[in-house]
Amino acid sequence: MKIAVFGPHRRVGVIVENKVVDANAAYAKYLAENSQEARPQARADAEVPAELGAFIAEGNRALEGAQTAVDHLWSKASDDRGLDGEVLFFDLGDTDLHAPVAQGSRIYCALANFFDHMEAASKNSAGNDTAEVLDRLVQGGPKYFLKDHRAVGADGEPVRYPARTRRLDYEAEVAIIVGKQGRDIGRDDALPYIWGYTLHNDWSIRDNVSFGPDFMHSKNFDTSATIGPWIVVNEGLDPQDIPLECRVNGEIRQSGNTKSMVHDFSTFIQHLSADTTLYPGDLISSGTPKGTAVDSSRQQTDGSHPDALFVKPGDVVEVSSALIGAIRNEVISPNA
């Protein structure tokens, strides 16, 4: 099942045959036509919420209700209108899909989590201590940083080129969505906490990259994360065997698989939940394989990188996975 967030009111939708179905409204229609429920809309609001965070928190009940509603709408419904005559499904090309991120969710991003990415960066380094720094990042437990959920963009939305950089980079990643609340989760108990999977382009400023106190500044700016196009749920995916690619203007730059993660998703769930509660809707992103502009460019003696491979306004970047979908964005001038 593919769960999306769509339309002006950012409602939960189910992707079916190139259409997006309003899960909450379709379930209310199902209840009205197949039960003695006196208040079908109120029950639908409780069991198949229209807001993503509440929908995720409902767990299997919401997913089963949404599937039941879709099956009814496609085969047995009296018509294709809701209880108040509203449209229940839309062509994908006729409605906006938003980033499938629940309001207030945290976006945890793995750092230095693909060996090939770090090895390539080390080989292209001109610094005497860079290899040592990168080795420290890879060794030991998981490392991460946070993205601001308010800086997230969706598939098809323009990415604003930050005025403070001349070296904007892309990072193809897979993100898991936490499905239930938990703290101090053991690694062997972690998989049931994964609710679904989506794609993430972790846009990054690379001018004089530092892993010091200002690192977060290079990772957070308006449109600094593209997430989507939807969340794949209950399709039997192995979190440690998901392929992903990145293309810039049609040219393949990255081609990897989550099986090459240094620390797998279960390890991250254990690490992040230590003394800290994870909540439904929180995202954990995989880190990125080799092929970024920064790990493919020879560092200069002043610490900077040649800008040839970094994206510019007008470039189109696509992150994709055969098991999930694709997110595609054009980079635009900060003054556009």
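# Exercises on strands, helices and single residues

Glu318 stands opposite Arg328 in S19, in a predicted model where local features need pLDDT of at least 70, side-chain atom pairs count only at pLDDT 80 or more, and totals for chains, interfaces and linings use all residues. Residues are numbered from 1 along each chain as its sequence is written, and side-chain values use heavy atoms, with hydrogens and water left out.

**Exercise 1.** Find how strand S18 is joined to strand S19, and place both in their sheet.

*Solution.* Begin with the terms: strands (E, at least two residues) and helices (H or I, at least four) are DSSP runs numbered from the N terminus, and two strands pair if DSSP finds at least two bridges between them. Strand S18 (residues 316–321) and strand S19 (residues 325–332) run antiparallel and are joined by 6 bridges. Next, the open sheet has 5 strands in the order S9-S19-S18-S15-S16, with mixed pairing. Strand S9 (159–160) and strand S16 (251–257) stand at the edges, each with a single partner strand, so one side of each has no neighbour in the sheet.

**Exercise 2.** Describe how helix H1 packs against helix H4.

*Solution.* Take the axes, which are lines fitted to C-alpha atoms over the stretch in contact, with angles from 0 to 180 degrees between N-to-C directions. Those of H1 (residues 23–34) and H4 (residues 60–75) come within 8 Å and cross at roughly 70 degrees. H1 is therefore roughly perpendicular to H4, a label for angles of 65 to 115 degrees. Then turn to the contact (heavy atoms within 4.5 Å): among the residues that meet are Ala26, Tyr27 and Tyr30 in H1 and Ala66, Ala69 and Leu73 in H4.

**Exercise 3.** Locate the salt bridge of Arg43 and relate its partner to helix H2.

*Solution.* A salt bridge is a side-chain nitrogen of Lys or Arg within 4 Å of a carboxyl oxygen of Asp or Glu, and by this rule the count comes to 23. Arg43 forms one with Glu47, their closest N and O atoms being 3.0 Å apart. Because Arg43 and Glu47 are 4 residues apart in helix H2 (residues 40–47), about one helical turn separates them.

**Exercise 4.** Identify what is notable in the backbone at Pro229 and at Arg10.

*Solution.* Most residues other than glycine have a negative phi, and most peptide bonds are trans. A cis peptide bond, with omega about 0 degrees, joins Gly228 and Pro229, and Pro229 is found in strand S14 (residues 225–232). Arg10, a residue other than glycine, has a positive phi near 50 degrees, and Arg10 lies in the loop between strand S1 (2–6) and strand S2 (11–16).

Definitions and conventions: Parallel < 35°, antiparallel > 145°, perpendicular 65-115°, else oblique.
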